[in-house]
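Reader: I should be grateful for a close examination of one part of this structure, beginning with a single loop residue and its surroundings and then moving outward. Please set out the reasoning behind each classification where there is any.

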Amino acid sequence: MGWAQRTGYSDVRQPQPELELDELYRELILDHYKSPRHHTKLAHADVVAEGYNPVCGDEVEMELVFAGDTLAEIGVIGRGCSISQASGSMMSEVVQGKDIAEIRRLSGEFTRMMTEPDGTAPADLGDLEALQGAAKFAARVKCATLAWHTLADGIAQHEKGDGVVRREEA
Ligand code: ZN
């Protein structure tokens with residue numbers, strides 16, 4: 001039994017930073033879900049990559065324009081749960097304009113945050129840090145990583161010189 005229970009003492013004025021952060025994260029996720037960034041089809045796309053997560057029914061389609069090794073433009077559309085769609089929106093903000101090596105590094109950081117959560121988020125992941133709460137739920141991790149896996153497929157297609165790729169998560 002803890003000290004507060006033994007004494008009957010509880011301090012309701014005590015701030016609860018964890019709960020406030022959860023609320024902030026929830027609002028960020030909903031904001032991206034309702035107003036997804038880079039939510040557009042690019043008529044001049046070099047690569048179209050589609051991803052499907054059958055566990056949850058999430059779909060993402062992304063259109064990519066490359067300038068050499070740089071992802072010059074990305075458009076992301078899709079449907080599914082708020083985690084999957086917010087992840088695609090947040091990702092688009094972070095990866096547009098970056099080169100492929102940097103995108104792979106960021107993808108590694110994001111994957112690490114989701115699969116080996118330690119309560120911290122790398123600073124360069126932007127709003128994506130809001131998704132770290134989903135790391136507690138194995139099924140939601142697939143929702144969160146779908147966009148990144150699909151982007152990785154798209155980049156691989158670009159490197160192979162092919163234009164269209166479709167992924168279905170196992
Ligand atoms: Zn989902």
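Author: Leaving aside neighbours within four places in sequence, Lys98 is in contact with Leu71 and Ile103. This description rests on a predicted model, and Lys98 is located in the loop between helix 3 and helix 4. Lys98 counts as partly exposed because 18 C-beta neighbours fall inside 10 Å, whereas a buried residue would need 20 or more. The C-alpha atom of Lys98 is separated by 8.6 Å from that of Asp69, although the two residues are 29 apart along the chain.

The two helices that flank this loop may be taken in turn, each with its packing against helix 5. Ile103, already named as a contact of Lys98, belongs to helix 4 and takes part in the meeting of that helix with helix 5. The axes of helix 4 (residues 100-115) and helix 5 (residues 138-160) come within 11 Å and cross at roughly 160°. Helix 4 is therefore roughly antiparallel to helix 5, since angles over 145 degrees are placed in that class. The crossing of this pair is left-handed. On the side of helix 4, the residues involved are Ile100, Ile103, Ser107, Phe110, Thr111, Met114 and Thr115. Their counterparts in helix 5 are Val141, Ala144, Thr145, Trp148, Ala152 and Ile155. Divided by class, the contact of helix 4 with helix 5 comprises 9 nonpolar and 4 polar residues, with no charged ones.

On the other side of the loop, helix 3 also packs against helix 5, at an angle of about 40° and with the axes 8 Å apart. Helix 3 and helix 5 are therefore oblique to each other, and their crossing is right-handed. Helix 3 contributes Ile83, Ser84, Ser87, Gly88, Met91 and Val95 to the contact. From helix 5 come Arg140, Cys143, Ala144, Leu146, Ala147, Trp148 and Leu151. The contact of helix 3 with helix 5 holds 9 nonpolar residues, 3 polar residues and 1 charged residue. Ala144 and Trp148 of helix 5 are listed in the contact with helix 4 and also in the contact with helix 3.

Helix 3 has a further set of neighbours, seen from Ala86, which lies in that helix. Ala86 is buried because 27 other C-beta atoms are found within 10 Å. Apart from neighbours within four places in sequence, Ala86 is in contact with Ile29, His32 and Tyr33. Pro36 is 50 residues from Ala86 along the chain, yet their C-alpha atoms are separated by 6.9 Å. His38 is found in the loop between helix 2 (17-34) and strand 1 (47-53). With 19 C-beta neighbours inside 10 Å, His38 counts as partly exposed. His38 has a positive phi of about 50° although it is not a glycine. Most residues other than glycine have a negative phi.

Two further loop positions lie on either side of helix 5 in the chain. Glu129 is placed in the loop between helix 4 and helix 5, and it is partly exposed because 19 other C-beta atoms lie within 10 Å. The C-alpha atoms of Glu129 and Met90 are separated by 9.4 Å, with the two positions 39 residues apart along the chain as the sequence separation. Asp162 has its place in the loop between helix 5 and strand 4 (164-168). Asp162 is exposed because 10 other C-beta atoms lie within 10 Å. From C-alpha to C-alpha, Asp162 is 9.5 Å from Val48, a residue 114 positions away in sequence.

These parts belong to a protein chain with 5 helices and 4 strands, whose elements run α-α-β-β-β-α-α-α-β from the N terminus on. Buried residues make up 31% of its 170 residues. Among contacts between residues at least 6 apart in sequence, 63% join residues at least 24 apart.

As to confidence, the protein chain averages a pLDDT of 89, and 88% of the residues score at least 70. The highest mean, 98, belongs to helix 3 (residues 82-95), and the lowest, 47, to helix 1 (residues 3-7). Over residues 1-8 the pLDDT is below 50, and this stretch has 3 contacts in the model beyond near neighbours in sequence. Where pLDDT is low, the predicted coordinates should not be read in detail.

Note on methods
Residues numbered from 1 in each chain as written. Predicted model: local features only at pLDDT ≥ 70, side-chain atom pairs only at ≥ 80, totals over all residues. pLDDT = per-residue confidence, 0-100. Contact = placed C-beta atoms within 7 Å. Axes fitted to C-alpha atoms, helices over the stretch in contact; angles between N-to-C directions. Parallel < 35°, antiparallel > 145°, perpendicular 65-115°, else oblique. Left-handed = near helix turned anticlockwise from the far one by under 90°. Nonpolar A, V, L, I, M, F, W, Y, C, P; charged D, E, K, R; others polar. Buried ≥ 20, exposed ≤ 12 C-beta atoms within 10 Å, placed from the backbone.
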